[in-house]
Amino acid sequence: MIATGFVENGARVYISSRSADVCNKVAEELTEHGPGVCISLPADLQNMSDIEKLAEAISKREPGGLDVLINNAGASWGASIDEYPESAFNKLMNLNVINVFFLTQKLMPLLQKKGTFDCPSRIINIGSIAGIVTHNNMFAYTASKASLHHMSKTMAIALGPRHITVNSVAPGVFPSSMTKELLKRDGENIVQGNLMNRIGRPNDIAGACIYLASRAGSYVNGDVLVVDGGSSIAPKL
Ligand SMILES: NC(=O)c1ccc[n+]([C@@H]2O[C@H](COP(=O)([O-])OP(=O)(O)OC[C@H]3O[C@@H](n4cnc5c(N)ncnc54)[C@H](OP(=O)(O)O)[C@@H]3O)[C@@H](O)[C@H]2O)c1
């Protein structure tokens with residue numbers, strides 16, 4: 001959703017995920033939304049050597065620097081408190097928090113090349129309203145997203161002086177593989193319980209990220225932009 005919005009608005013966008021086939025196919029499809037282009041660079045972001053290779057691949061293609069980094073890859077896991085597995089905690093903290101830090105660290109030199117006093121480079125970390133309000137049985141997910149929001153603020157302190165802003169976006173419910181089962185099971189209640197009577201649309205999340213990446217967002221730093229139709233401040237039901 002986010003990559004589509006950036007390609008539609010003329011950006012050169014690199015996307016990354018584990019499956020090379022899916023990543024390549026999506027990049028081809030998104031390029032059709034041009035004027036921008038989308039390029040696939042598959043990587044497993046659970047894995048530090050893949051993170052290093054991804055950063056190297058981007059720096060070869062963009063030696064002049066990087067304007068925007070969106071840390072979007074993430075996973076969720078729900079289980080009762082009696083059965084919640086250690087493996088879920090390890091996976092989610094590693095992917096949703098720790099490796100967001102390390103991919104950012106590896107890409108910092110490229111972001112610094114583009115960031116200026118008047119137009120800083122942007123880092124946008126995709127958090128969740130699950131990092132703000134409670135979500136039943138989502139122990140590692142809620143902990144990881146709250147950590148991500150807080151870590152982003154700490155990164156903003158370090159990177160502001162280097163002309164890079166760091167913000168989080170906290171989406172409510174959007175249609176994706178992650179929410180497919182939830183929406184099948186509980187979609188009607190989620191819609192009814194939302195102040196705007198709907199779930200998020202692709203343009204809602206793309207627009208929020210484009211705002212943060214745009215001139216208008218250049219003085220926003222260390223914030224958490226909530227995009228949830230108001231559900232986290234006041235559930236309607
Ligand atoms: N959808 C929502 O309602 C919602 C709400 C709040 C926050 N979010 C957040 O939004 C982000 C995107 O989620 P989504 O809803 O679009 O879910 P999704 O459809 O499951 O997408 C997750 C993405 O992360 C990639 N990914 C997972 N593990 C990876 C790994 N080890 N290395 C590289 N890429 C990996 C997946 O690709 P592969 O599996 O092919 O690697 C996929 O592209 C996540 O951070 C999620 O927590 C979503």
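**View 1. Asn197 sits partly exposed in a loop.** At 41% relative accessibility, Asn197 counts as partly exposed. This is a predicted model, so take each close-up here as a look at a prediction. You'll find Asn197 in the loop that runs between α6 (180–193) and α7 (202–213). Its backbone has something to spot as well: phi of Asn197 is near 60°, a positive value in a residue other than glycine.

**View 2. Asn137 is another asparagine with a positive phi.** Here the phi value is near 70°, again positive in a residue other than glycine. Look for Asn137 in the loop between β4 (121–126) and α5 (139–159). With a relative accessible area of 29%, Asn137 is partly exposed.

**View 3. Gly10 meets Pro35 and Gly36.** Start at the loop between α1 (2–8) and β1 (12–15), where Gly10 is found. If you leave aside the neighbours within four places in sequence, Gly10 is in contact with Pro35 and Gly36. Gly34 is worth finding too: its C-alpha atom and that of Gly10 are separated by 6.4 Å, though the two residues are 24 apart along the chain. Gly10 itself is partly exposed, with a relative accessible area of 42%.

**View 4. The ligand has 24 residues around it.** Which of them come nearest? They are Arg18, Leu45, Tyr141, Phe174 and Ser176. Sorted by type, the shell around the ligand has ten nonpolar, eleven polar and three charged residues.

**View 5. Oxygen atoms of the ligand pair up with Ser176, Phe174 and Asn72.** For Ser176, it's an N or O atom in the side chain that lies 2.5 Å from an oxygen atom of the ligand. Phe174 uses its backbone instead, with a polar atom there 2.7 Å from a ligand oxygen. Asn72 also brings a backbone N or O atom, 2.8 Å from an oxygen atom of the ligand. Taken alone, the ligand exposes 870 Å², and the protein buries 80% of that.

**View 6. Cys38 and Cys119 are cysteines without a disulfide.** In fact, the structure holds zero disulfides. Cys38 is in none, and the nearest cysteine sulfur, that of Cys23, is 7.7 Å away. Is Cys38 buried or exposed? Cys38 counts as buried, at 7% relative accessibility. Why does Cys119 have no bond to Cys209? The sulfur of Cys209 is the closest cysteine sulfur, but at 16 Å it is too far for a bond. Cys119 counts as partly exposed, at 40% relative accessibility.

Notes:
Residues are numbered from 1 along each chain as its sequence is written. Side-chain values use heavy atoms; hydrogens and water are left out. A disulfide is a pair of cysteine sulfur atoms within 2.5 Å. Buried means under 20% relative accessible area, exposed over 50%, partly exposed in between (1.4 Å probe, protein chains only). A residue is near a molecule or strand if one of its heavy atoms lies within 4 Å of it. A polar contact is a pair of N or O atoms within 3.5 Å; within protein, one must be able to donate a hydrogen and the other to accept it, and residues adjacent in sequence count only if both atoms are side-chain atoms. Accessible areas come from the Shrake-Rupley method with a 1.4 Å probe; for residues, only the protein chains shown count as cover. Ala, Val, Leu, Ile, Met, Phe, Trp, Tyr, Cys and Pro count as nonpolar, Asp, Glu, Lys and Arg as charged, and the others, Gly among them, as polar. Helices (H or I, at least four residues) and strands (E, at least two) are DSSP runs, numbered from the N terminus. Contact means heavy atoms within 4.5 Å.
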